[in-house]
Amino acid sequence: MGQQWSNIFPPVPTLTEKNLPDQSGASGGIGKQLTSILHQHNAKVYIAARSQAKAEAAIAEIQHANPYSTGELVYLHLDLGDLASIRNSVDEFLRKESRLHVLWNNAGVMVPPAGSKTVQGYELQLGTNNLGHFLFTKLLYPVLKHTADLSAPGTVRVVWVSSSVAEMAPTPAIDFSNMNYQRDEGAWTKYARSKAGNVLHASEFARRVKGDGIISLVWSLDALFLLSSWLTRGQSLNPGNFVTNLQQSMPRWQVALFSLIAHDPKYGAYTELFAGLQPDITQNKSGSWVAPFGRFVSIREDLLDPSLGERYWDWTEDQVREYA
């Protein structure tokens, strides 16, 4: 309970816009806040999103707020719900860049309308939160490795956004007999399984790139277990205590209740900032779980099980193979 209480009232963030070093050399919610902080400190940031209009509106807003920044904000079209399009997004990035220091896998879908699917027919949360991010990261691995070869140790990282809800997934966290959900489990359970999948991908990626100079971390959108059964009508799941466009599918009464105990989205950005840029994170932390607002904590042991991680990785590889 101590760790869950600290998730509701996390300690002060250790890395913010006030002490982030110069970074010379997302279109909404937490990603937008993170981008704004990075731009303040002169970073070059690619905002990968489906909607060019929303991304460009966010870029204009951030640039207006930081008129003296020498950084760059670049829109990159990315639709994680369409595996066939992701290669084109990566190719577009690689035509412009030969290095990538930090990849924040920040996008996500939470409890969409029943029956929502990706272009390829996967349940939308599984397809977007897991398969899309996996393929995007897989295709960017060569440039990440190249960058690590040329950079200071510990500075090239992949940050996978999960949630404390991952720990509320059923056991086992992945049911390989029901990956297409022919047996419906409800949107919240599907969401929890997708967030557990993020942890499995992050920890298995850490094992597979060990020695390549790339640090893989998974960070948690804070969850409020004390109110979870109320907010989700009896299911032990919760979206996390930041009100962003992630909650767009939730009933208004749930969002209103949640807003009473929610943090400003910038605090979620502080957690991402810590995972991606905290200077004293070294290779021995690769595969670890980062909690709000920038600290390492333990996680349910089976989510770090190498055999489950390997099996889930291999299953995911099979799903994306024709698009890689």
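In this predicted model, helix α5 passes helix α6 in a right-handed crossing. The axes of α5 and α6 (residues 187–208) lie 8 Å apart and make an angle of about 20°. Angles under 35 degrees count as roughly parallel, so α5 is roughly parallel to α6. On the α5 side the residues that meet α6 are Q125, L126, N129, N130, F134, T137 and Y141. Their partners in α6 are A187, K190, Y191, S194, K195, G197, N198, H201 and F205. By class, this contact of α5 with α6 holds six nonpolar, eight polar and two charged residues.

Helix α5 (residues 124–150) also packs with helix α4 (residues 83–96), their axes coming within 10 Å and crossing at roughly 30°. That angle makes α4 roughly parallel to α5. The crossing of α4 and α5 is right-handed. From α4 the contact uses L83, I86, R87, V90, F93 and L94, and from α5 it uses L131, G132, L135, F136, L139, L140 and V143. The residues of the contact of α4 with α5 comprise 11 nonpolar, one polar and one charged.

The two helix pairs are set out below.

| Helix pair | Axis separation | Angle | Residue classes in the contact |
|---|---|---|---|
| α4 and α5 | within 10 Å | roughly 30° | 11 nonpolar, one polar, one charged |
| α5 and α6 | 8 Å | about 20° | six nonpolar, eight polar, two charged |

The largest nonpolar core has 56 residues, and those that touch the most other members are L83, I86, F136, L140, I214, W289 and Y312. At least two residues of this core come from each of β2 (72–77), α4, α5, β4 (156–163), α6, β5 (214–221), β6 (289–291) and α10 (306–320). Helix α5 gives the largest share, 10 residues. Beyond its neighbours within four places in sequence, F136 is in contact with L76, L78, L80, I86, V90, L103 and N105. Two of these, I86 and V90, are also among the α4 residues that make the contact with α5. Another core, of 27 residues, lies apart from the largest one and includes L38, A43, V159 and L273.

Some backbone features remain. Most residues other than glycine have a negative phi, and most peptide bonds are trans. The peptide bond from T171 to P172 is cis, with omega near 0°. P172 is placed in the loop between β4 and α6. A cis peptide bond also joins P292 and F293, where omega is about -10°. The loop between β6 and β7 (295–297) holds F293.

Positive phi values occur at V111 and Y181. V111, although not a glycine, has a positive phi of about 35°, and its place is the loop between β3 (102–105) and α5. The relative accessible area of V111 is 10%; buried means under 20%, so V111 is buried. Y181 is likewise not a glycine and has a positive phi of about 55°. The loop that holds Y181 runs between β4 and α6. With 14% relative accessibility, Y181 also counts as buried.

Terms used: Residues numbered from 1 in each chain as written. Predicted model: local features only at pLDDT ≥ 70, side-chain atom pairs only at ≥ 80, totals over all residues. Heavy atoms only, no water. Axes fitted to C-alpha atoms, helices over the stretch in contact; angles between N-to-C directions. Helix = DSSP H or I, 4+ residues; strand = E, 2+ residues; numbered from the N terminus. Parallel < 35°, antiparallel > 145°, perpendicular 65-115°, else oblique. Left-handed = near helix turned anticlockwise from the far one by under 90°. Contact = heavy atoms within 4.5 Å. Nonpolar A, V, L, I, M, F, W, Y, C, P; charged D, E, K, R; others polar. Core = buried A, V, L, I, M, F, W, Y, C linked by side-chain atoms within 4.5 Å. Buried < 20%, exposed > 50% of the residue type's maximum accessible area, 1.4 Å probe, protein only.
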